[in-house]
Amino acid sequence: QVQLVESGGGLVQAGGSLRLSCAASGRTFSSYAMGWFRQAPGKEREFVAGINWSGGSTWYGDSVKGRFTISRDNAKNTVWLQMNSLKPEDTAVYYCAAGVTSRTPAGYRYWGQGTQVTVSS
């Protein structure tokens with residue numbers, strides 16, 4: 001069992017940056033791939049970024065490639081999402097998830113409660 005708690009969301013102007021954190025509990029954190037997803041009102045949950053168990057492989061959604069960076073520290077049971085050059089269309093609730101290497105929500109077994117990111121124009 002893995003419990004996930006996101007933090008670091010907030011209100012930022014377009015062009016700004018935010019760093020989201022996801023703290024995990026449980027001794028099996030390092031065995032899971034981790035992902036970040038987001039969901040805006042009235043829209044489906046969208047894949048943002050993923051990272052494999054060791055941190056040696058990362059993958060990104062097309063809309064954030066080159067602007068966002070995912071990283072993890074297994075010793076700290078934490079995964080981060082550094083978001084730069086934010087745009088109003090990045091506004092959403094951001095979720096951290098633990099599972100297998102995947103770009104779809106179905107690949108992730110454990111989910112956090114989400115943190116709101118709002119980008120003003």
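**Figure 1. Pairing of strands β7 and β8 in the predicted model.** In this predicted model, strands β7 and β8 run antiparallel and are joined by 6 bridges. Within this pairing, Phe68 of β7 stands opposite Met83 in β8. The hairpin formed by the two strands has 4 residues between them, and Asn77 there takes a positive phi near 50°. Strand β7 itself has two faces of unlike character, for Phe68, Ile70 and Arg72 make up its covered face, whereas Thr69, Ser71 and Asp73 make up the uncovered one.

**Figure 2. The nonpolar cores.** The largest nonpolar core has 30 residues, and those with the most contacts inside it are Leu4, Met34, Trp36, Leu81, Met83 and Tyr94. At least two residues of this core come from each of the strands β3, β4 (33–39), β5 (46–51), β7 (68–73), β8 (78–83), β9 (92–99) and β11 (115–120). A second core, separate from this one, has 5 residues, including Phe37, Phe47, Ala97 and Tyr108. In soluble globular proteins, nonpolar side chains tend to be buried together. The surroundings of Tyr94 can be followed through its contacts beyond four places in sequence, among them Leu20, Trp36, Phe37, Val48, Phe68, Leu81, Met83 and Val117. The polar or charged residues in contact with Tyr94 include Glu6, Arg38 and Thr115.

**Figure 3. Strand β1 and the setting of Glu6.** Along strand β1 (residues 3–7) the side chains alternate, with Leu4 and Glu6 buried on one face, while Gln3, Val5 and Ser7 point to the other face and are not buried. Strand β1 pairs with strand β3 (residues 18–25) in the antiparallel sense over 5 bridges, and the bridge partner of Glu6 in β3 is Cys22. Which side chain of opposite charge is nearest to Glu6? That side chain is Arg45, at 7.8 Å, and Glu6, although buried, has no salt bridge. The side chain of Glu6 instead reaches two backbone nitrogens, that of Cys96 at 2.8 Å and that of Gly114 at 2.9 Å. Apart from neighbours within four places in sequence, the residues in contact with Glu6 include Ser21, Cys22, Trp36, Tyr94, Tyr95, Gly112, Gln113 and Thr115.

**Figure 4. Asp90 and the charged network around it.** Asp90 is found in the loop between β8 and β9 and is buried, with a relative accessible area of 0%. A salt bridge joins Asp90 to Arg67, with the closest N and O atoms 2.8 Å apart. Because Asp90 lies in the loop between β8 and β9 and Arg67 in the loop between β6 (58–60) and β7, the pair ties together parts that are 23 residues apart in sequence. Arg67 is buried, as is Asp90. The side chain of Asp90 also makes a polar contact of 2.8 Å with the side chain of Arg38, and it reaches the backbone nitrogen of Lys87 at 2.8 Å. Beyond four places in sequence, Asp90 touches Arg38, Arg67, Phe68, Ser85, Val117 and Val119. Arg38 in turn meets Glu46 in a salt bridge between their side chains (2.8 Å, N to O). The two partners are unlike in exposure, for Arg38 is buried, with a relative accessible area of 5%, whereas Glu46 counts as partly exposed at 31% relative accessibility. Salt bridges that share partners join Arg38, Glu46, Arg67 and Asp90 into one network.

**Figure 5. A salt bridge with an exposed partner.** The model has 4 salt bridges in total, and one of them is formed by the side chains of Lys65 and Asp62 (3.3 Å, N to O). Asp62 is exposed, with a relative accessible area of 67%, in contrast to Asp90 of the preceding view, which is buried. Side chains of opposite charge can pair when their charged atoms come close.

**Figure 6. Leu11 in strand β2.** Is Leu11, a residue of strand β2 (residues 10–13), buried or exposed? With a relative accessible area of 65%, Leu11 is exposed, because that value lies over 50%. Not counting residues up to four places away in sequence, Leu11 touches Thr118 and Ser120. The C-alpha atoms of Leu11 and Phe29 are separated by 29 Å, the two residues being 18 residues apart along the chain.

Key:
Residues are numbered from 1 along each chain as its sequence is written. This is a predicted model: local features need pLDDT of at least 70, side-chain atom pairs count only at pLDDT 80 or more; totals for chains, interfaces and linings use all residues. Side-chain values use heavy atoms; hydrogens and water are left out. Buried means under 20% relative accessible area, exposed over 50%, partly exposed in between (1.4 Å probe, protein chains only). Two strands pair if DSSP finds at least two bridges between them. Lys and Arg count as positive and Asp and Glu as negative; His and the chain ends are not counted. A polar contact is a pair of N or O atoms within 3.5 Å; within protein, one must be able to donate a hydrogen and the other to accept it, and residues adjacent in sequence count only if both atoms are side-chain atoms. Contact means heavy atoms within 4.5 Å. A nonpolar core is a set of buried Ala, Val, Leu, Ile, Met, Phe, Trp, Tyr and Cys residues joined through side-chain atoms within 4.5 Å.
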